Amino acid sequence: MNLIRYQRPDLAWAGFGRLSSLRDELDRLFESPWTELARTPQLLSGWTPALDVHEDKDSFVVRAELPGMKREEIDVSLHDGALSISGERQAVKKHEEAEVYRTERFFGKFLRTVTLPAPVAAEKVKAQYQNGVLTVTLPKTEAAKPKQIDVNVN
Amino acid sequence: MKATIAAEPKPAVERTRPQEFAAPMVNIFETPDGYALEAEMPGVNKAGLEITLEGNEITIVGRRAAEPENGELLFRERSVADYRRVFELDPAIDTDKISAKIDQGLLTLTLPRSEQVKPRKITISE
């Protein structure tokens with residue numbers, strides 16, 4: 001798995017201005033055992049959208065940053081307790097012949113897979129795409145929810 | 001005598017937000033009519049966008065729309081920082097005609113060249 005998000009080598013300069021975040025990335029590595037959760041396959045397409053995973057007592061919430069896409073270009077699937085978000089972002093056609101001054105954005109296929117730490121109810125999973133952020137809400141199965149057990153002490 | 005212990009007021013929990021901004025990733029193209037700039041600002045909608053023009057500099061600021069809190073954070077890659085980036089403009093750009101739109105976190109700026117500097121054919125009179 002990747003510890004640091006993969007950057008396409010020929011665009012390394014584009015990421016140069018964000019060097020300061022490298023320290024943050026490293027800090028994150030050591031503070032969270034959950035880095036195991038998201039597995040980044042070694043795709044050569046170069047685009048690995050950033051994602052967050054939240055958990056509350058009822059559900060998991062996965063948010064991925066996918067700016068400038070269409071709903072129909074995003075594919076969300078659940079298989080064996082692993083959530084996959086995939087798709088392909090197309091460059092704007094009318095700009096293909098224009099003279100390019102700067103290209104920092106990633107295009108092409110992407111795939112992110114998140115292994116969920118508890119079983120989820122597949123039929124209740126909801127996905128919403130707003131402001132370029134995909135939010136997938138995965139309710140836990142009843143068996144996976146924490147239970148309050150009353151203990152009577154006599 | 002009874003002693004009352006007043007609970008200390010809880011310090012307000014502030015969401016950690018770095019003061020600095022993140023630079024959005026951009027693509028810039030030159031088109032026959034001028035320039036087109038695309039900036040990626042996921043999490044920003046029209047209300048959070050602020051574009052200012054000063055002299056020959058254009059400043060783009062995008063503030064992320066509030067997202068509902070969803071319990072404990074298990075894994076994080078996304079930044080909480082707002083976006084800001086400044087660009088110097090080609091003097092040929094007609095600043096009155098700059099237009100902007102944001103769709104699904106992608107800002108598109110259209111920066112047309114002013115009519116005077118557009119290439120044009122000069123008809124030769126006999």
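In this predicted model, strand S7 of chain B, covering residues 99-103, is joined to S8(B) by five bridges, and the two strands run antiparallel. Within this pairing, B:Lys101 has B:Thr108 of S8(B) standing opposite. The two strands, S7(B) and S8(B), make up a hairpin that leaves two residues between them, and in that turn B:Gln104 has a positive phi of about 45°.

Strand S8 of chain B, which spans residues 106-112, also pairs with strand S2 of chain B, residues 34-40, in the antiparallel sense, and here the pairing extends over seven bridges. One position in this pairing can be followed by eye, since B:Glu40 stands opposite B:Leu106 in S8(B).

A further pairing links the two chains: S2(A) is joined by three bridges to strand S5 of chain B, residues 72-75, and these strands run antiparallel. Here A:Val53 stands opposite B:Phe75, a residue of S5(B).

The pairings are set side by side below.

| Strands | Bridges | Sense |
|---|---|---|
| S7(B) and S8(B) | five bridges | antiparallel |
| S2(B) and S8(B) | seven bridges | antiparallel |
| S2(A) and S5(B) | three bridges | antiparallel |

How many residues does each chain bring to the contact? Chain A gives 36 residues and chain B gives 29 residues. On the side of chain A that touches chain B, the elements that contribute two or more residues are strand S2 (51-55), strand S3 (59-65) and strand S6 (99-103) of chain A. When the residues of that side of chain A are divided by character, 15 are nonpolar, nine are polar and twelve are charged.

How values were computed:
Residues are numbered from 1 along each chain as its sequence is written. Chains are lettered from A and ligands numbered from 1 in the order in which they are written. This is a predicted model: local features need pLDDT of at least 70, side-chain atom pairs count only at pLDDT 80 or more; totals for chains, interfaces and linings use all residues. Two residues are in contact if their C-beta atoms, placed from the backbone, lie within 7 Å. Helices (H or I, at least four residues) and strands (E, at least two) are DSSP runs, numbered from the N terminus. Ala, Val, Leu, Ile, Met, Phe, Trp, Tyr, Cys and Pro count as nonpolar, Asp, Glu, Lys and Arg as charged, and the others, Gly among them, as polar. Two strands pair if DSSP finds at least two bridges between them.
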